[in-house]
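Welcome! Let us walk through this structure together, one step at a time.

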Amino acid sequence: MKINSLQIVRISGMILAVAGIIYALEYMNRSFAVWFWVTLLGIGFVGLFVTFRTTQRHLRLESKARARAAKKKRK
């Protein structure tokens, strides 16, 4: 399975968001900074979920196409 470079960027952003949340909770007032990092983390999760669903759909369509081609070859 090939690794999509955008997924690497998303995961890196999510790791940064977790670090930002920890930093904001520890050293800053509980204000806008915490919600910014929580939002960034949520966007990362949604992006990974959408990418996963898209990849699974493409794999399913490819396997169906291969099955149809094999069935057509047998006839």
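**A walk along two helices**

A good place to start is Met14, which is found in helix 1; helices (H or I, at least four residues) and strands (E, at least two) are DSSP runs, numbered from the N terminus. Before going further, please note that this is a predicted model, in which local features need pLDDT of at least 70 and side-chain atom pairs count only at pLDDT 80 or more, while totals for chains, interfaces and linings use all residues. Residues are numbered from 1 along each chain as its sequence is written, and side-chain values use heavy atoms, with hydrogens and water left out.

Is Met14 buried or exposed? Met14 counts as buried because its relative accessibility is 9%; buried means under 20% relative accessible area, exposed over 50%, and partly exposed in between (1.4 Å probe, protein chains only). Which residues does Met14 touch, once its neighbours within four places in sequence are left aside? Met14 is in contact with Leu41, Gly44, Phe45 and Leu48, where contact means heavy atoms within 4.5 Å. Although Met14 and Phe45 are 31 residues apart along the chain, their C-alpha atoms are separated by 7.7 Å.

Now step back to the whole chain. Its secondary structure comes to two helices and zero strands. The radius of gyration is 20 Å, well over the 11 Å that the globule rule gives for 75 residues, so the chain is more spread out than a compact globule. That radius is taken over C-alpha atoms, and the rule is 2.2 Å times the number of residues to the power 0.38. Along its principal axes, the C-alpha trace spans about 70 × 15 × 10 Å. Of the 75 residues, 16% count as buried.

Helix 1 covers residues 5–27. Its 23 residues should span 33 Å at 1.5 Å a residue, and this agrees with its end C-alpha atoms, which are 33 Å apart; the expected span is 1.5 Å times one less than the number of residues. Met14 has buried company in helix 1: Gln7, Ala17, Gly20, Ile21 and Ala24 are buried too. An α-helix has 3.6 residues a turn, so residues three or four places apart point the same way. The buried residues of helix 1 pack against helix 2 (32–74).

Helix 2 has 43 residues and reaches 63 Å from its first C-alpha to its last, close to the 63 Å expected at 1.5 Å a residue. Its buried residues are Ala33, Val34, Leu41, Gly44, Gly47 and Thr51, and they pack against helix 1.

Thr51 offers a view from the helix 2 side. At 12% relative accessibility, Thr51 counts as buried. Leaving aside neighbours within four places in sequence, Thr51 is in contact with Gln7 and Arg10. The C-alpha atoms of Thr51 and Gln7 are separated by 7.9 Å, with their places 44 residues apart along the chain. Gln7, in helix 1, is in contact with Leu48 as well as Thr51, again leaving aside neighbours within four places in sequence. By way of contrast, the C-alpha atoms of Gln7 and Ala69, 62 residues apart along the chain, are separated by 32 Å.

Finally, look at Tyr23, which is also placed in helix 1. At 48% relative accessibility, Tyr23 counts as partly exposed.
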